[in-house]
Amino acid sequence: MVGRMVLQTSMVAVALLVARSAAADPITLTGNVANDFNPATNPDVVVIPHSDTPIHIAQPAWMTSSGLVSGWNIQDIRLDYVPKTDTMYVGVNTFGIAGNVDGNGTPGVPDPRLTAAGGSDPANFGGDKAMAVGFAPLAGTYNATSPPAPVIVAGVPGNAAQKAAGTGLDGFTVSKWSPAGGSGGPNYDLVTSFGKTLTAGMGNLAFDPSAAHPGFEFSITNFSKLLGANPLNGLVVSAQDGSVQSVVTGKDYVFSTPIEAQEIPEPATWLVWAGLAGGLAWSHRRSRRARRSSSFPRIGQ
């Protein structure tokens, strides 16, 4: 592999180094997950696909016939880990506004048909609205029938006491996973499994999801320390969202998904490759100049 890289020009090698350096910088969270976590412009972004179908959880016929899609429907989860700051950036990419129960585009102003059915759509992530993402290190061979339990759970809990303990926006918190409310197996009940708060990892929810900031985006600091492993060696990620008080809609689950170890060279390795390629290119140019001087006369000779 190194041999192939050396054959590249110094311009290519430097461009790769610059691209990696830029990708390693903190990203700016705007609430638009697809734009903020774009693998086409940031090669460090990892996308965990979930569904291409906007309506894939239960919702009433009146919503579907009206062209409304609940904001509990998850499209994908996107991650960007920045080693130099040990920060994990997370974006839960939903169809519509994250947590907007009836999909009307105005969280906190529920459709009358929702309230008539006994459901509610509190503003922001009020009530028992919840969205959680779990992380575990990937150790050894991944077993889909018995995935590792999460080590970290981050997001907004559904349990009132757990939400009240959160110090971030809407009760956002980063916690140890607690199996007290979990069901085990590949489908952990993450939204009620927030344990002891990990204050060292407290990032924050970037925005209350809204029409201007539809995604659910947050960060976790000191990520590798909290995980107890280097995340570049592999992760297992899961997610859940929903609300019992929604009544008419279901919850969405992203079952435990392994992310294989990323074969990303250390910065020193990139510098060696860039240096070797640069030296080769310089030698090539020097050789061309020598050939030119011996084959073609120059002015003054």
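## Strands and the overall picture

Strands here are DSSP runs of E with at least two residues, numbered from the N terminus, and helices are runs of H or I with at least four. One such strand, β4, covers residues 130–137, and Gly134 sits in it. Keep in mind that this is a predicted model.

Zooming out, the protein has 8 helices and 11 strands. It runs to 301 residues, and 45% of them count as buried. If you take the contacts between residues at least 6 apart in sequence, 65% join residues at least 24 apart. The accessible surface adds up to about 14100 Å², with 59% of that belonging to carbon and sulfur atoms.

## The nonpolar core

The largest nonpolar core holds 41 residues, and the ones with the most contacts inside it are Leu79, Phe135, Phe216, Ile220 and Phe223. Strand β2, residues 74–82, gives the most to this core, with 4 residues.

Phe223 makes a handy viewpoint. Skip anything up to four places away in sequence, and Phe223 touches Tyr81, Asp86, Met88, Phe135, Ile152, Pro231 and Leu235.

## Around Gly134

Is Gly134 buried or exposed? With a relative accessible area of 1%, Gly134 falls under the 20% cut-off, so it counts as buried.

What does Gly134 contact once its neighbours within four places are left aside? The list is Pro150, Ile152, Val153, Leu190, Val236, Val237 and Ser238. Take Val236: it lies 102 residues from Gly134 in sequence, yet their C-alpha atoms are 8.0 Å apart in space. Ile152 is worth clicking on too, since it turns up both among the contacts of Gly134 and among those of Phe223.

## β1, β2 and Asn42

Strands β1 and β2 pair in the antiparallel sense, over 4 bridges. One residue to follow across is Val47, whose bridge partner in β2 is Arg78. In a regular strand, side chains alternate between the two faces of the sheet. As for β1, its covered face has Val46 and Ile48, while Val47 and Pro49 are on the uncovered one.

Just ahead of β1 is the loop that holds Asn42, running between α3 (33–36) and β1 (46–49). Loop or not, Asn42 has a relative accessible area of 7%, so it is buried as well. What does the side chain of Asn42 make a polar contact with? The partner is the side chain of Asp80, at 3.2 Å.

Key:
Residues numbered from 1 in each chain as written. Predicted model: local features only at pLDDT ≥ 70, side-chain atom pairs only at ≥ 80, totals over all residues. Heavy atoms only, no water. Core = buried A, V, L, I, M, F, W, Y, C linked by side-chain atoms within 4.5 Å. Buried < 20%, exposed > 50% of the residue type's maximum accessible area, 1.4 Å probe, protein only. Contact = heavy atoms within 4.5 Å. Areas by Shrake-Rupley, 256 points an atom, 1.4 Å probe, with all protein chains shown as cover. Polar contact = N/O pair within 3.5 Å; in protein donor to acceptor, adjacent residues only side chain to side chain. Pairing = 2+ DSSP bridges.
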